[in-house]
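Trainee: I should like to take a close look at a single part of this model. Please treat that part in one connected account.

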Amino acid sequence: MVKITVNGREHQLDLDPDTPLLWVIREHVGLTGTKYGCGISECGVCTLFLNGAPVRSCSTPLSAAANGTVLTIEGLDTPEGRAIQAAWADLDVVQCGFCQSGQIMSATALLTQNPSPTDAEIDAAMSGNICRCATYARIRSAIKQAAAALA
Amino acid sequence: MRNRIENLSRRRFLQQGLAAGAGLTLGVQLSGVSRRLDAAPSKPDAAAPLEPNAFVRIGTDDSVTVIVKHLEMGQGTYTGLPTLVAEELDARWDQVRVEGAPADAARYNNLFWGPTQGTGGSTSIANSWEQMRKAGATARQMLVEAAAKRWQVDAGEIQVRDGQLSHAKGQRASFGELAEAAAGLVVPEDVFLKDPAEFRLIGNARLRRKDAAEKIDGSARYTQDVSLPGLLTAVVAHPPRFGARLKSLDPEPAVAIRGVEKILRIPTGVAVLAADFWTAKRGRDRLSIEWDESDAFTLGSEEILQQYRELAATPGAVATARGDAEAALASADKVIESEFALPFLAHASMEPLNCVILPEGDGVRVINGEQSQTRTQAGVASVLGLKPEQVRIDMLYAGSSFGRRGNPQADFTSEAAEIFKAAGRKTPIKLQWTREDDTRAGWYRPLFLHRVRAGLDAAGKPVAWHQRIVGQSIAAAAGMTSRLVVDGVDRLSVEGASDLAYGIPNLYVDLHSPTLPVPIQWWRSVGHTHTAFAVESVIDELATAAGRDPVDFRMALLEGHPRHQGVLKLAAEKAGWGGALPEGRGRGVAVHESFNSYVAQVAEVTVRGRSFSVDRVVIAVDCGMAINPDVVKAQMEGGMGYGLAAALVSRLTLKEGRVEQSNFHDYKVLRMDQMPRVEVYILPSAEAPTGVGEPATPVIAPAVANALAAATGQRLRRLPLRLA
């Protein structure tokens with residue numbers, strides 16, 4: 001049995017401790033906003049927060065989350081997260097949407113650490129998150145808009 | 001006042017559609033109700049909604065539900081099509097809801113494709129433009145009639161605005177309050193459409209996407225997210241080479257894994273089933289399989305390219321012959337010869353391919369980000385021995401596609417059906433490919449080779465152009481030769497070249513369509529992905545050879561093509577074309593028509609040694625009337641970005657028949673730090689709307705190549721672009 005707390009709710013899971021956290025969250029906890037895209041930490045669509053820090057859940061074993069706290073897109077309600085989501089809505093960032101949970105989690109992590117990132121800092125922080133629809137220009141603008149709203 | 005002027009534009013639209021050879025069923029079809037024919041009947045005591053046709057339903061709760069027949073894969077159909085309905089209905093944007101249409105080609109066919117339901121070719125808005133507006137106008141007219149009856153006034157005196165009907169004497173009613181009364185009226189055959197001057201929603205850049213909220217909070221549902229009682233997830237071991245077959249299988253190591261439920265041989269490989277993905281994948285990875293590769297394809301990309309070069313030395317099937325290109329080349333003052341090579345490309349959609357299938361009634365239900373309902377119905381029905389109509393389809397959002405989910409042979413949906421069949425037809429199955437499966441299982445943009453010889457006369461005027469194209473036929477792979485291949489020429493292989501807009505008097509384009517066992521299909525912008533690169537690079541090189549400015553040179557050759565000229569001029573102006581740039585920087589331009597839309601792009605690059613970055617891209621587009629200008633802009637930004645990936649980093653290569661790449665670490669795609677600043681300008685237009693999903697994609701590679709040539713003098717003719 002492994003205990004994890006996801007979006008404030010505690011779960012006891014009888015699973016192989018090597019199971020990636022992504023599949024635990026998606027198929028056993030039942031929250032599907034966090035996506036599978038590559039399985040090797042290359043695309044970022046599986047990004048969630050583990051103990052407050054963004055991780056690629058596809059490559060994080062359940063054992064690494066034992067007794068830990070997980071925050072997914074469904075539970076995102078920090079001031080930075082809300083500002084990011086509001087800017088995303090205002091600028092209509094999304095297209096197919098599949099990568100956007102991961103983008104929003106990475107962008108929230110960035111603003112939480114750095115309240116007024118430069119273009120270069122945004123690029124550096126976000127280049128691990130692939131968007132095949134190439135919504136990158138709007139992501140950049142939305143992060144800046146959210147930063148301005150929080151300032 | 002509503003008037004009949006619109007009917008003229010309607011006729012023009014229909015004529016344009018016919019001229020484009022658009023299909024069999026051009027008439028606007030509005031028959032049937034929107035209610036799912038395959039859904040349970042609604043409760044008899046429920047208040048009746050107004051359902052005048054298959055596309056709109058107005059509830060007594062004041063909701064306006066628009067049924068969208070096209071897949072939302074990011075391109076904005078769930079926003080654009082409802083905009084057309086809401087405009088004519090005079091609905092409030094916030095009361096509009098969206099529902100994906102069921103599979104039923106009789107009601108939901110693509111009007112440009114005849115009796116076929118599906119999404120592609122940047123046709124969603126263009127084929128629905130008349131149909132969806134008429135759907136909205138019909139509902140509006142019925143609401144007005146219902147109000148006129150209730151208020152005992154003349155229908156012509158009733159105003160409709162923002163979801164409210166009103167009369168000068170003070171009566172007011174919402175759509176919801178009138179829905180039930182309107183539902184009892186006869187559906188009118190003829191309705192008036194608005195004069196475009198009255199549009200409030202069409203052309204409104206502040207309308208937000210209908211799918212945004214649920215894609216921002218994680219609640220949007222994709223095929224990957226489907227869970228059902230008893231569902232088993234299937235992960236498949238595919239052969240390592242195209243044409244290889246299963247020789248022997250030892251399932252024991254996989255069976256030993258707790259939770260692995262079934263191991264099934266299917267025509268495309270071996271499927272491992274478990275209650276969850278991770279167990280199924282571990283099982284798949286543990287299978288011990290020997291493949292029979294005696295008939296497998298064993299060539300590499302470089303060998304294919306070499307064979308294509310040999311083919312390019314011989315005449316091909318003639319796509320275009322105007323004047324006498326050979327004679328004109330022989331007498332030209334200057335001849336430029338060049339060869340262009342473009343690799344196979346994977347679509348690399350963000351959501352790896354997947355499909356859910358479950359038993360239902362006398363048939364099955366497929367749950368899928370479905371791009372091609374009619375093909376999937378045929379494919380799944382053929383596997384299971386059903387009639388196509390026994391295959392119902394729930395169309396979910398697709399985590400992009402770029403053409404891949406509209407596979408010509410319904411490859412992955414048929415694979416799901418094979419697994420469902422092998423598992424005994426009772427268990428709901430979710431087929432889930434890994435990223436590695438998605439990259440390696442084929443259905444690529446074909447590898448292409450172009451040889452171009454172009455001649456200038458002594459005055460620097462282009463007089464001859466011979467372009468020979470070599471690459472697999474997408475139409476042949478799709479079984480669409482009767483529609484798309486004429487005199488041995490696949491239109492999809494030469495589009496963008498055989499219809500060269502530049503006024504060159506002697507033009508000859510010919511084509512070789514070799515067959516290879518590498519599965520191929522359409523990839524965002526199809527033939528234009530390679531033709532635009534060759535054409536726009538050569539034109540630029542001719543301008544340089546003639547000592548002319550690349551924009552002026554093109555403008556002069558585009559006499560009689562005002563829409564090409566319009567976007568070219570606009571992009572050049574906005575980009576500050578001709579302005580000085582510091583050392584090491586360069587500016588390049590390209591203009592191209594595809595899917596009846598016109599796009600020009602100016603790219604600015606900075607070169608540092610052998611590496612370079614694309615700093616800024618200015619895009620001008622003429623897509624007729626822009627229904628949702630912000631969605632048009634988004635498609636220009638994103639379509640350009642998709643093409644930029646192919647220009648900068650993406651390539652799929654074969655070595656001894658094996659795909660060398662497997663995942664995003666080696667099949668590279670565009671990332672944030674490679675995305676330039678982008679500006680998009682839409683040319684105002686009163687023409688009927690045309691496509692925007694694809695036309696920005698093919699223009700960027702030549703624009704960047706031309707910018708690099710301006711900055712360094714190097715002409716790069718292979719993609720992805722690498723400086724020497």
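Trainee: What is the order of the strands in the open sheet of four strands in chain B, and which kind of pairing does the sheet have?

Mentor: The model is a predicted one. In chain B, the open sheet of four strands has the order β24-β25-β26-β29, and its pairing is mixed. At the edges lie β24 (585–594) and β29 (677–682) of chain B, each of which pairs on one side only. With direction ignored, neighbouring strands of this sheet are turned by 15 degrees against each other on average. In general, strands of a sheet pair through backbone hydrogen bonds, either parallel or antiparallel. The edge strand β24(B) runs antiparallel to β25 (residues 597–608) of chain B, and ten bridges join the two. Within this pairing, B:R587 has B:E604 of β25(B) as its bridge partner. A helix also belongs to the picture: α21 (residues 700–712) of chain B lies across β24, β25 and β26 (611–622) of chain B. The direction of α21(B) is at about 155 degrees to that of β24(B).

Beyond the sheet, chain B has a partner in chain A: 45 residues of chain B are in contact with 41 residues of chain A. On the chain A side, α1 (21–29), α2 (79–90), α3 (100–113), α4 (119–126) and α5 (136–150) each supply at least two of the touching residues. That side of chain A comprises 22 nonpolar, twelve polar and seven charged residues. Chain A itself holds five helices and five strands, which follow the pattern β-β-α-β-β-β-α-α-α-α along the sequence.

Note on methods
Residues are numbered from 1 along each chain as its sequence is written. Chains are lettered from A and ligands numbered from 1 in the order in which they are written. This is a predicted model: local features need pLDDT of at least 70, side-chain atom pairs count only at pLDDT 80 or more; totals for chains, interfaces and linings use all residues. Two residues are in contact if their C-beta atoms, placed from the backbone, lie within 7 Å. Ala, Val, Leu, Ile, Met, Phe, Trp, Tyr, Cys and Pro count as nonpolar, Asp, Glu, Lys and Arg as charged, and the others, Gly among them, as polar. Two strands pair if DSSP finds at least two bridges between them. Axes are lines fitted to C-alpha atoms, for helices over the stretch in contact, and angles run from 0 to 180 degrees between N-to-C directions.
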